[in-house]
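Work through the exercises below with the model open. Try each task before reading its solution.

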Amino acid sequence: MLHVDGVTQTFFPGSVNERVALREVELRLFEGEFVTVIGSNGAGKSTLLNVVSGKLRPEAGRVRIDERDVTRLADFQRARYIGRVFQDPMAGTAPHMTIEENLAIAFERGRRRGLRRGVTGAKRERFREDLASLELGLENRLRAKVGLLSGGQRQALSLLMATFSEPRILLLDEHTAALDPQRAALISRLTAELVERHRLTTLMVTHNMEQALSMGTRLIMMHEGRIILDVDDARKSRMSPADLLAEFEKIKGGGLDDRTLLQ
Ligand SMILES: Nc1ncnc2c1ncn2[C@@H]1O[C@H](COP(=O)(O)OP(=O)(O)OP(=O)(O)O)[C@@H](O)[C@H]1O
């Protein structure tokens, strides 16, 4: 359902600062797959998410969602297909608006025009139910300003908002990295629950190898703009972080050729 076909992305081409962030990346996600993405700094993980979301238009290659070529659609035009949560808990929500106002915006994203805007009684009830599922007590604080919430609460709200419009693809960009371990565990649990409940096709970038192995149904490793390892669920469930590191060393040491390493 998501096809990334031969995507290449170079920043500052032809200058001394030239950086090839993605090199002919091929990636296919089936409906409902939950893929965790790991890799060294500068491997191209965020750039891949930016190309999928439409924030970046790749210099070569195509992105297709449900067979539709969306390569030339800007991010706001792809918004109804895509939900995204960033590392910064402040990025996904509007601090000066209330919890219910933030939810109302997310709810209306991607829906047809003509539906009643604003917070109606029916919507408020739905928001209350969804917030209650987070088990953070936010269902009793619908009219509180989001700026008053903690980082973990705000990230939980961002996650809920990103899944509200039942996007075709959920993009998670190190969305637990800025949280303390307890909050990170909470957001990981909520992520697994929401992905399962809405059967979302998901790409999740993380630097945490334990998390990359314990979550999702498939794992890919990136290095220098390439996907160098692609591990299915069965194999992933048998791997440890040490195995992943050993794979990485083996691939790096063996002269990289992604075509032979991709499975
Ligand atoms: N907007 C940009 N302008 C210039 N260069 C960029 C830009 N975004 C990314 N790059 C470069 O592209 C390469 C890939 O960056 P990217 O952010 O995708 O890596 P990453 O795998 O997400 O890294 P990290 O784990 O450090 O966040 C890096 O060399 C980076 O410096």
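**Exercise 1.** How do the residues of the shell around the ligand divide into nonpolar, polar and charged?

*Solution.* Start with the ground rules. This is a predicted model: local features need pLDDT of at least 70, side-chain atom pairs count only at pLDDT 80 or more, and totals for chains, interfaces and linings use all residues. Residues are numbered from 1 along each chain as its sequence is written.

Step 1: list the shell. A residue belongs if its C-beta atom, placed from the backbone, lies within 6 Å of the molecule. The residues are Phe11, Arg19, Ala21, Gly39, Asn41, Gly42, Ala43, Gly44, Lys45, Ser46 and Thr47.

Step 2: sort them. Ala, Val, Leu, Ile, Met, Phe, Trp, Tyr, Cys and Pro count as nonpolar, Asp, Glu, Lys and Arg as charged, and the others, Gly among them, as polar. The result is 3 nonpolar, 6 polar and 2 charged.

Step 3: assign elements. Helices (H or I, at least four residues) and strands (E, at least two) are DSSP runs, numbered from the N terminus. β2 (19-29) and α1 each supply at least two shell residues. The largest share, 3 residues, comes from α1.

**Exercise 2.** Determine how many residues of helix α1 (residues 45-53) are buried.

*Solution.* Apply the cut-offs: buried means 20 or more other C-beta atoms within 10 Å of the residue's own, exposed 12 or fewer, partly exposed in between, with C-beta atoms placed from the backbone. In α1, 8 of 9 residues are buried. They are Lys45, Thr47, Leu48, Leu49, Asn50, Val51, Val52 and Ser53. Just after α1, Gly54 takes a positive phi of about 95 degrees.

**Exercise 3.** Describe the packing of α3 and α5.

*Solution.* Step 1: take the geometry. The angle is about 30 degrees and the axes are 8 Å apart. Axes are lines fitted to C-alpha atoms, for helices over the stretch in contact, and angles run from 0 to 180 degrees between N-to-C directions.

Step 2: classify. α3 and α5 are therefore roughly parallel (an angle under 35 degrees).

Step 3: find the contact (C-beta atoms, placed from the backbone, within 7 Å). α3 gives Ile99, Asn102, Leu103, Ala106 and Phe107; α5 gives Leu157, Met161 and Phe164. These residues divide into 7 nonpolar, 1 polar and no charged.

**Exercise 4.** Is Phe12 buried or exposed?

*Solution.* Locate Phe12 in the loop between β1 (2-11) and β2. Phe12 has 9 other C-beta atoms within 10 Å, so it is exposed. Its phi is near 50 degrees, a positive value in a residue other than glycine.

How values were computed:
Parallel < 35°, antiparallel > 145°, perpendicular 65-115°, else oblique. Contact = placed C-beta atoms within 7 Å.
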